[in-house]
Amino acid sequence: MSFTVFKIKKPGGAWYELPTPITIQPAVNALDNSKSGRDNNTGMMFRDKIAEKRKYTVEVPDGMTNTQMAALYEILLGNYFVAWGPDPTTGTFTEHNYYCAAIEPKINQIYSLTSWDYKSWSFNATEM
């Protein structure tokens with residue numbers, strides 16, 4: 001039995017379910033105020049955390065076609081996209097806005113001028 005564990009969409013668009021099996025590596029980045037650091041008088045460290053941002057590294061399997069990739073590019077390279085997936089901070093599946101800075105898949109094989117597929121590749125989704 002297979003079920004969707006990560007999907008993306010353009011704001012206001014329809015969901016795009018990534019091909020399976022995919023590997024998802026969730027992370028949380030803590031953003032600190034620039035004034036965080038060490039107190040010169042006491043030597044104690046202090047932290048002024050201003051935000052937490054979710055980040056995913058998503059690896060998609062071999063075999064994505066050129067048309068599947070074109071649809072994915074349209075979503076990932078917009079100003080931002082919506083992603084739904086497992087949230088390590090809540091232990092549930094949640095939906096948030098993300099951006100992707102780079103996509104670098106490798107073409108596996110070109111069959112014709114209009115048909116080719118890709119090797120397994122990954123992208124990063126960073127919360128806005």
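**Arg-54 and its surroundings**

Apart from its neighbours within four places in sequence, Arg-54 is in contact with Ala-27, Asp-87, Thr-89, His-96, Tyr-98, Ala-125, Thr-126 and Glu-127. The model is a predicted one, and this residue is a convenient point of entry. Arg-54 belongs to strand β6, which covers residues 49–60. Its relative accessible area is 14%, under the 20% limit, so Arg-54 counts as buried.

Two of the contacts of Arg-54 are also salt-bridge partners. With Asp-87, the closest N and O atoms are 2.7 Å apart. This pair links distant parts of the chain, since Asp-87 is in strand β7 and Arg-54 in strand β6, 33 residues apart. With Glu-127, the closest N and O atoms of the salt bridge are 2.9 Å apart. Here too distant parts of the chain are linked: Glu-127 is in strand β11, 73 residues from Arg-54 in strand β6. Arg-54, Asp-87 and Glu-127 thus make up a network of salt bridges. Both acidic partners are buried, Asp-87 at 3% relative accessibility and Glu-127 with a relative accessible area of 12%. The side chain of Arg-54 also makes a polar contact of 3.4 Å with that of Thr-89.

The strands that carry this network belong to an open sheet. The sheet has 7 strands with antiparallel pairing, in the order β2-β1-β7-β8-β11-β6-β3. At its edges are β2 and β3 (23–32), each of which pairs on one side only. Strands β6 and β11 pair in the antiparallel sense over 6 bridges, and Val-58 has Phe-123 in β11 as its bridge partner.

Strand β7 has partners on two sides. Its antiparallel pairing with β1 runs over 3 bridges, and Lys-7 stands opposite Trp-84 in β7. Its antiparallel pairing with strand β8 (residues 92–99) runs over 7 bridges; Phe-81 is bridged to Tyr-98 in β8. β7 and β8 form a hairpin with 4 residues between them, and Gly-91 in the turn has a positive phi of about 75 degrees. Of the 7 residues of β7, 5 are buried, so this strand is largely enclosed by the rest of the structure.

Helix α1 comes next. Within this helix (residues 66–76), Asn-66, Met-69, Leu-72, Ile-75 and Leu-76 are buried. An α-helix has 3.6 residues a turn, so residues three or four places apart point the same way. The cover over the buried residues of α1 includes β1 (7–9), β2 (16–17), β7 (81–87), β10 (115–118) and β11.

The helix also takes part in a salt bridge: Lys-10 pairs with Glu-74, with the closest N and O atoms 3.0 Å apart. Because Lys-10 lies in the loop between β1 and β2 and Glu-74 in helix α1, the pair ties together parts that are 64 residues apart in sequence. Lys-10 is partly exposed, with a relative accessible area of 35%, and Glu-74 is partly exposed as well, at 48%. The count of salt bridges in the model comes to 3.

On the surface, Tyr-80, Tyr-99 and Met-128 form a nonpolar patch, with about 280 Å² of accessible area together. Met-128 lies in the segment after β11 (121–127) and, at 44% relative accessibility, counts as partly exposed. Elsewhere, Ser-112 lies in strand β9 (residues 107–112) and is partly exposed, with a relative accessible area of 34%. Ser-112 and Ala-83 are separated by 29 residues in sequence and by 33 Å in space, C-alpha to C-alpha.

Note on methods. Residues numbered from 1 in each chain as written. Predicted model: local features only at pLDDT ≥ 70, side-chain atom pairs only at ≥ 80, totals over all residues. Heavy atoms only, no water. Buried < 20%, exposed > 50% of the residue type's maximum accessible area, 1.4 Å probe, protein only. Polar contact = N/O pair within 3.5 Å; in protein donor to acceptor, adjacent residues only side chain to side chain. Contact = heavy atoms within 4.5 Å. Patch = residues over 30% accessible without salt bridge, like charges linked within 9 Å, V, L, I, M, F, W, Y side chains within 5 Å. Areas by Shrake-Rupley, 256 points an atom, 1.4 Å probe, with all protein chains shown as cover. Salt bridge = Lys/Arg side-chain N within 4 Å of Asp/Glu carboxyl O. Pairing = 2+ DSSP bridges.
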